[in-house]
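Work through the exercises below with the sequence and the model side by side, and try each task before reading its solution.

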Amino acid sequence: MNSTSATSARTTLVADERARRLVLAGGLTVAFLIVLHVVWGPTAGVILQGMVIGAITSFISFGIALIYRSSRIINFAQGDLGGVPASLGVL
């Protein structure tokens with residue numbers, strides 16, 4: 001076995017492991033949501049509001065990470081910029 005095929009085999013194993021972890025995380029998330037709905041029975045509006053607020057928070061954190069990765073400077077203005085749209089979205 002030459003080094004090229006060994007490297008591609010390792011790359012395939014790493015990709016397979018990542019895919020398994022992604023499927024497991026998705027399955028656990030769906031199972032958690034089903035148990036949450038059965039046990040406490042939140043309304044669809046509460047679930048939608050949680051998804052919207054979570055999406056806003058994730059976009060802000062993604063923006064901070066993107067700015068840091070491109071310039072190697074921690075810039076917290078991204079969070080401040082996301083405050084106005086988040087407030088308007090809640091209103």
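**Exercise 1: a residue after a helix**

Task: decide whether Arg72 is buried or exposed, then say where Arg72 is found and what is notable about its backbone.

Solution. Begin with the surface: Arg72 has a relative accessible area of 56%, and because exposed means over 50%, Arg72 counts as exposed. Next, place the residue along the chain, where Arg72 belongs to the loop between α2 (44-71) and α3 (77-90). Then turn to the backbone, bearing in mind that this is a predicted model: just after α2, Arg72 takes a positive phi of about 60°, although Arg72 is not a glycine. This deserves a remark because most residues other than glycine have a negative phi.

**Exercise 2: the chain as a whole**

Task: state how many helices and strands the chain has, and say which element has the lowest mean pLDDT and which the highest.

Solution. Counting the elements gives 3 helices and 0 strands, and reading along the sequence gives the pattern α-α-α. For the confidence of the prediction, the chain averages a pLDDT of 81, with 86% of the residues scoring at least 70. Among the elements, α3 has the lowest mean pLDDT, 72, while α2 has the highest, 86. As a further step, consider the span of α2, which has 28 residues and reaches 40 Å from its first C-alpha to its last, close to the 40 Å expected at 1.5 Å a residue.

**Exercise 3: the surface**

Task: find what share of the residues is buried, and name the residues that form a nonpolar patch on the surface.

Solution. Buried residues make up 7% of the 91 residues in the chain. The accessible surface of the chain comes to about 7,600 Å², and carbon and sulfur atoms account for 72% of that surface. On the surface, a nonpolar patch is formed by Val30, Ile34, Val35, Val38, Val39 and Trp40, which together have about 660 Å² of accessible area. To look at one of these residues in detail, take Val38, whose place is in helix α1 (residues 3-39); Val38 counts as exposed because its relative accessibility is 65%.

**Exercise 4: charged side chains**

Task: determine how many salt bridges there are, and explain which residues are joined into one network.

Solution. Side chains of opposite charge can pair when their charged atoms come close. With a salt bridge taken as a side-chain nitrogen of Lys or Arg within 4 Å of a carboxyl oxygen of Asp or Glu, the count comes to 2 salt bridges. One of them links Glu17 with Arg20, where the closest N and O atoms are 2.9 Å apart; both residues lie in helix α1, 3 residues apart, which is about one turn of the helix. Another links the side chains of Glu17 and Arg21, at 3.3 Å from N to O, and these residues also lie in helix α1, 4 residues apart, again about one turn of the helix. Salt bridges that share partners thus join Glu17, Arg20 and Arg21 into one network. As a last step, check how accessible the partners are: Glu17, at 34% relative accessibility, counts as partly exposed, whereas Arg20 is exposed at 53%, and Arg21 is exposed with a relative accessible area of 59%.

Note on methods: Residues are numbered from 1 along each chain as its sequence is written. This is a predicted model: local features need pLDDT of at least 70, side-chain atom pairs count only at pLDDT 80 or more; totals for chains, interfaces and linings use all residues. Side-chain values use heavy atoms; hydrogens and water are left out. Helices (H or I, at least four residues) and strands (E, at least two) are DSSP runs, numbered from the N terminus. Buried means under 20% relative accessible area, exposed over 50%, partly exposed in between (1.4 Å probe, protein chains only). Accessible areas come from the Shrake-Rupley method with a 1.4 Å probe; for residues, only the protein chains shown count as cover. Patches are made of residues with over 30% relative accessible area and no salt bridge: like charges are joined within 9 Å, nonpolar side chains (Val, Leu, Ile, Met, Phe, Trp, Tyr) within 5 Å. The expected span of a helix is 1.5 Å times one less than its number of residues. pLDDT is the predictor's confidence in each residue, from 0 to 100.
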